[in-house]
Amino acid sequence: MGHLPLALLQRRGLSVAIVLALSTAPLMPRPTIAQMPPTAPYTFGVNPLADYILGAGDVLFVEVVNLPNSVTNQRQFPVNLDGTVVLPLAGRLRVEGLTLPQAEQVILDAYSKVMRFPAVTVNLQTPRPMRILVAGEVTRPGSYTVPFTGISVARGGAPTDAVGLSGGLTWPRLTGVIAQAGGITQDADIRNVEIRRQLGNGQTAVTKVNLWDLIQSGDANQDLTLRSDDVIVIPKATTVNAAEAVRLASATFSPQTIRVQVVGEVLRPGLVEVPANATLTQGIGAAGGFNVQRANTSRITLVRLNRDGTVSRRRIPFSLAAQPSVNSNPVLQQGDVIVVERSGLTQFGDTVGNVFRPLGALGTLGIIINLLD
């Protein structure tokens, strides 16, 4: 509603004092950009700079139209440890926790106080290394520093040479960070990988990613670009499909090799390195195969240290011809111990040998002669 003329308000019984009070009352302060909630639900877009949150270590490219060269010809300004940038004429401004558009507005407001009709452009010159937390079913969960290898897009979505953000270099992606954490475990539920992201308005956005679709159909949209302080959570699967485990172990975000221990009646017992999708058969093969004169080739024991600290031990009815299977030819995990036991005849022979060994060769020969008499 527009303002009514003073005479009309007086005719309607309003005193001049009230009218003056209404006209001079201070307006309620408008929320800053950082305080305003998003106008639409957050989507994890493909443009990394659209929602990049600034922090200490970033370097900004700030261009102010009509700023005299006598003031400065500097265009690159680092974000200091206290979250501020120091700009000529505008002074020290806090930009930590803001997106690029928000920082641009803060800088524009500052220059509006010292210049007439300023025009300001802010871009990201050099990003700081990312800190990303990886939790759940990965080999080495924890916090990782992920260096930037470069940037391929500007804030508007197109490459720009003006601020040094082009050159075919890329932002870190989900699968690369998982690989940096040692890759997924075989208990990982890759259909429900979760990414949690802090937004510039103090809220947290959460999305789920299906990396199985990435493997099966090559859906690159599942391999999201990441931001600093993102949290990746990989849950544990309720069931594990052996055939899927073999396929999954070939993915780039799975460990490329694992180490298992093979002990007992094999030709080369000890620690062996096998592909990440190796089965029990391949583990025994990496140790040289069975010692056929001594091994019980039909019953193998698999000892596994679980992630919760417990140890599982189970006998497997082994067959060289078995396909990958949880029951007869399981896919191996890092740290597994394969025990190839002795055959019954070998155990009997070893027992007899242990009885006779202390007597020496002559004593053994005497016992045999006495048995023949």
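**Exercise 1. E244.** Is E244 buried, exposed or partly exposed?

*Solution.* Start with the ground rules. This is a predicted model, in which local features need pLDDT of at least 70, side-chain atom pairs count only at pLDDT 80 or more, and totals for chains, interfaces and linings use all residues. Residues are numbered from 1 along each chain as its sequence is written, and side-chain values use heavy atoms, with hydrogens and water left out.

Step 1: take the cut-offs. Buried is under 20% relative accessible area, exposed is over 50%, and partly exposed lies in between (1.4 Å probe, protein chains only).
Step 2: apply them. E244 has 27% relative accessibility, so E244 counts as partly exposed.
Step 3: place the residue. E244 lies in helix 6. Helices (H or I, at least four residues) and strands (E, at least two) are DSSP runs, numbered from the N terminus.
Step 4: list the partners. Contact means heavy atoms within 4.5 Å. Neighbours within four places in sequence aside, E244 is in contact with R191 and W212.
Step 5: check one distance. W212 is 32 residues from E244 along the chain, and their C-alpha atoms are separated by 9.5 Å.

**Exercise 2. L280.** Classify L280 by accessibility and list what L280 touches.

*Solution.* Step 1: L280 sits in helix 7 (residues 280–286).
Step 2: its relative accessibility is 0%, so L280 counts as buried.
Step 3: residues up to four places away in sequence are not counted. L280 then touches I300, I316, F318, N329, P330, L332 and I338.
Step 4: add a distance. The C-alpha atoms of L280 and L302 are 8.7 Å from each other, with their positions 22 residues apart along the chain.

**Exercise 3. Pairing around strand 10.** Which strands pair with strand 10, and in which sense?

*Solution.* Step 1: set the criterion. Two strands pair if DSSP finds at least two bridges between them.
Step 2: take strand 8. Strand 8 and strand 10 (residues 231–234) pair in the antiparallel sense over three bridges. R196 stands opposite V231, and E194 stands opposite V233.
Step 3: take strand 6. Strand 6 (residues 130–136) pairs with strand 10 in the parallel sense, over four bridges. The bridge partner of V134 in strand 10 is I232.
Step 4: follow strand 8 to strand 9. Strand 8 (residues 193–198) and strand 9 (residues 204–209) are antiparallel, with six bridges. Here Q198 stands opposite T204.
Step 5: read the faces. In a regular strand the side chains alternate between the two faces of the sheet. I232 and I234 point to one face of strand 10 and are buried, while V231 and V233 point to the other and are not.

**Exercise 4. A hairpin.** Describe the hairpin of strand 3 and strand 4.

*Solution.* Step 1: strand 3 (residues 84–87) and strand 4 (residues 91–94) pair in the antiparallel sense over four bridges.
Step 2: L87 stands opposite G91.
Step 3: three residues lie between the strands, and L89 takes a positive phi near 70°.

**Exercise 5. Empty space.** Compare the linings of the largest cavity and the largest pocket.

*Solution.* Step 1: define the spaces. On a 1 Å grid over the protein atoms alone, a cavity is a set of points where a 1.4 Å probe fits but cannot get out. A pocket is an open set with protein on both sides within 12 Å along at least five of seven lines, and lining residues have an atom within 4 Å of a point. Grid points are joined across faces, edges and corners, and a volume is the space filled by probe spheres set on the points.
Step 2: take the cavity. The structure holds one cavity of 30 Å³ or more. The largest cavity encloses about 50 Å³. Its lining includes L87, P88 and Y111.
Step 3: sort that lining. Nonpolar means Ala, Val, Leu, Ile, Met, Phe, Trp, Tyr, Cys and Pro; charged means Asp, Glu, Lys and Arg; the others, Gly among them, are polar. The cavity lining has seven nonpolar, two polar and one charged residue.
Step 4: take the pocket. The largest pocket has a volume of about 800 Å³. Its lining holds 35 residues, of which T185, Q186, D187, Q333 and Q334 lie nearest the centre. Elements giving two or more residues to this lining are helix 6 (242–248), strand 11 (257–264), strand 13 (295–305) and strand 14 (311–317).
Step 5: sort the pocket lining. There are 14 nonpolar, 12 polar and nine charged residues.
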